[in-house]
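Open the model in your viewer and set side chains to sticks. We will move through it stop by stop.

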Amino acid sequence: MNPLLKIIISISFLLSIHPADINLNNPKIFTAKVIKIVDGDTFDVLTSENETIRIRMNGIDCPEKKQDYFQVCKNALSTFIAGKIVEIRSTGKDRYRRMLADVYLENKNINLLMIQKGYAWHFKKYSKDPKMAEAEIEARKEKLGLWKNANAIAP
């Protein structure tokens, strides 16, 4: 390949990188303000670069719009994080191109908290986290949140 063409391709690649994607300490961790709660496991954040990113919480699953407890779980997530600055620890993207992430507020794992309080299932298909598995067992035993309904149906 022509050396000049290599340089042009390299420069084009560097110019295509968004500044929000560059973090020399850890490219997968950033803080952002929660600006919209979509449902019990999905929300939007606004980054310091004024970029809106849709976040899908890793390892949990909450009721969908037409299911029992949808609004209860959405309200719970809203109570925990709406309008707050959270730490996002990205684990990749889902099939809908949403950022998958573990979410922290003041060093508290919000994904785990949603399960502990009975507002989410441990999404075992995508997570083997033993803390989340144990949290769901405990929430079920205590009949917390959606576990008040003995026949709760996963999304």
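How many nonpolar, polar and charged residues are in the lining of the second largest pocket? The model is a predicted one, and this pocket is the first stop. Its lining has 8 charged, 6 nonpolar and 3 polar residues. Select R56, D94, R98, F123 and Y126: of the 17 lining residues, these lie nearest the pocket centre. The pocket volume is about 380 Å³.

Next, the aromatic rings. The whole structure holds 3 aromatic pairs. Select W121 and W147, one of these pairs. Their ring centres are 5.5 Å apart and their planes meet at 75°, over the 60 degrees needed, so the pair counts as edge-to-face. W121 sits in strand β8 (residues 121–122), while W147 belongs to the segment after α4 (130–142), so the contact ties together parts 26 residues apart in sequence. Colour by accessibility. W121 is buried, at 7% relative accessibility. W147 is buried too, with a relative accessible area of 7%.

Now select R89 and Y104. R89 lies over the face of Y104, 3.7 Å from the ring centre.

Last stop: the largest nonpolar core. It has 28 residues. Start with F43, V45, I55, I81, I88, I110 and M114, which have the most contacts inside it. Then show the elements that give two or more residues to this core: strands β1 (29–39), β2 (42–46), β3 (52–57), β5 (85–93) and β6 (99–105), with helices α2 (70–81), α3 (110–116) and α4. Which element gives the most to this core? Select α3: it gives 5 residues. In soluble globular proteins, nonpolar side chains tend to be buried together.

Terms used. Residues are numbered from 1 along each chain as its sequence is written. This is a predicted model: local features need pLDDT of at least 70, side-chain atom pairs count only at pLDDT 80 or more; totals for chains, interfaces and linings use all residues. Side-chain values use heavy atoms; hydrogens and water are left out. On a 1 Å grid over the protein atoms alone, a cavity is a set of points where a 1.4 Å probe fits but cannot get out, and a pocket is an open set with protein on both sides within 12 Å along at least five of seven lines; lining residues have an atom within 4 Å of a point. Grid points are joined across faces, edges and corners, and a volume is the space filled by probe spheres set on the points. Ala, Val, Leu, Ile, Met, Phe, Trp, Tyr, Cys and Pro count as nonpolar, Asp, Glu, Lys and Arg as charged, and the others, Gly among them, as polar. Rings of Phe, Tyr and Trp (its six-membered ring) pair if their centres lie within 6.5 Å; planes under 30 degrees apart count as stacked, over 60 as edge-to-face and the rest as tilted. Helices (H or I, at least four residues) and strands (E, at least two) are DSSP runs, numbered from the N terminus. Buried means under 20% relative accessible area, exposed over 50%, partly exposed in between (1.4 Å probe, protein chains only). A charge sits over a ring if NZ of Lys or CZ of Arg is within 6 Å of the ring centre and within 35 degrees of the ring normal. A nonpolar core is a set of buried Ala, Val, Leu, Ile, Met, Phe, Trp, Tyr and Cys residues joined through side-chain atoms within 4.5 Å.
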